Amino acid sequence: MTVTIIFPASNKHVVVGSSPKKHSKPDLSLKLDKISVVVQVKNDSLKEEIKKSIYNSSKDSEFFKSIKVPGYKASVALKVGPGSVGISIVPKDKDASFLRLEWNPSALGLEGHNTFASLIGTVLPWGYAEILTLAKVTRADVALDCEGVAITDLEFLPKSPLKSNVYFGPHGETETIYLGSRKSPSFWRIYDKAKEQGLGPNKQITRLEKTVRLAQQFANLPSIKNPFLDLKVLDLSRKQWLAWLSDWQWRQFQDSCRLRGVNSALWSIPKSHRMAYRYSLGNATPAWWAPKLIWEEWPEAVSALIPG
């Protein structure tokens, strides 16, 4: 059976290869889920002009709304269709950039970005294209939605060891996995997207979301390093290499992997059986997990979602 990866931004279909029966034909959708950019403003008179403009815009309830953003003294949200663009000025940290913009490109879509581009010049002294030239990207949240894949069946191994937290639902099902911390250079949030959206028990969508910290010009965003190369995915529903194990024994090993990590779980297995478990896990990467192939669509996904 083959897996077809569908990228909405480009409508391209890529055939990957054989897939395990449980996860036949998952649809993988690559997205830029959040982006933060900063602009350094050194001219004092220009700073005052921007402050006045932000203050006046907060009175325009049709397109703007005053919001509070940690670390900044003044912020407004530019309302754009189903999403919004956060505009923050006057950082509390004197070494931080004067202006920050933050938004969710996948929520805005092409139409929302066109509206964003047409309105941003009413509150800032630059147009959209000029802002992207001046700005530096400080954060990009890269998201991969895996439709037809159950998070409960998967285990995630970062290339470098990271602190992990796993949150379970009321019936013991995995809901959210955090690898690393929000303030660390490497932070993953992996969760049951279908449950978050209230799509019902028959819908399976696992989201893998990596927060990438940057200090690059916007033009370099399409060429950032592939974050998925730093993550290994194992399908723990695959027990065929340990057919002699009972189902309850395998479930216990699955739980041990989730709660203690794969290496610790392996060391808890008697030495006489450990090699068989290790071999099983060594062959447990699902065929749809192809980081290099997935990342080939990143430049086009960025250019399709963010005009300029």
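This is a short talk on the aromatic pairs and nonpolar cores of one protein chain.

Okay, so before anything else: what you're looking at is a predicted model. The chain has 308 residues, and buried residues make up 47% of them. In terms of secondary structure, we've got nine helices and 14 strands. If you take the contacts with a separation of 6 or more, 62% come from residues 24 or more positions apart. On the outside, the chain exposes about 15800 Å², with carbon and sulfur atoms supplying 51% of that.

Let's go to the rings. How many aromatic pairs does the structure hold? Eleven. One of them is W188 with F228, a tilted pair at 5.9 Å centre to centre, with 50° between the planes. I like this one for where the partners come from. W188 is in strand β12, residues 186-192, while F228 is in the loop between β13 (205-217) and β14 (231-235), so the pair ties together parts that are 40 residues apart in sequence. And both W188 and F228 are buried.

Now take W250 and F253, another tilted pair, with 5.4 Å centre to centre and 40° between the planes. This pair sits inside helix α5, residues 247-260, with the two partners three residues apart, about one turn of the helix. Buried or exposed, W250? Its relative accessibility is 5%, so W250 counts as buried. F253 comes out at 4%, so that ring counts as buried too.

Back to W188 for a second. Ring pairs link W188 and F228 with W288, W289, W295 and W298 into a cluster. Also in the ring department, the charged end of R189 sits over the ring of Y191, 3.9 Å from the ring centre.

Right, the cores. As a bit of background, nonpolar side chains in soluble globular proteins tend to be buried together. Here, the largest nonpolar core has 60 residues, and the ones touching the most other members are I87, L101, F116, F156 and L221. Which strand gives the most to this core? That's β3, residues 27-39, with six residues.

Have a look at L221 on the screen. Setting aside neighbours within four places in sequence, L221 contacts L32, I35, V137, A140, L214, W298 and V302. You'll recognise W298 there from the ring cluster.

Last thing: there's another core lying apart from that one, with 14 residues, among them W250, A265, Y277 and A284. So W250 turns up again, the buried ring at 5% relative accessibility. That's my tour, thanks.

Key. Residues numbered from 1 in each chain as written. Predicted model: local features only at pLDDT ≥ 70, side-chain atom pairs only at ≥ 80, totals over all residues. Heavy atoms only, no water. Phe/Tyr/Trp six-rings, centres within 6.5 Å; stacked < 30°, edge-to-face > 60°. Helix = DSSP H or I, 4+ residues; strand = E, 2+ residues; numbered from the N terminus. Buried < 20%, exposed > 50% of the residue type's maximum accessible area, 1.4 Å probe, protein only. Lys NZ or Arg CZ within 6 Å of the ring centre and 35° of its normal. Core = buried A, V, L, I, M, F, W, Y, C linked by side-chain atoms within 4.5 Å. Contact = heavy atoms within 4.5 Å. Areas by Shrake-Rupley, 256 points an atom, 1.4 Å probe, with all protein chains shown as cover.
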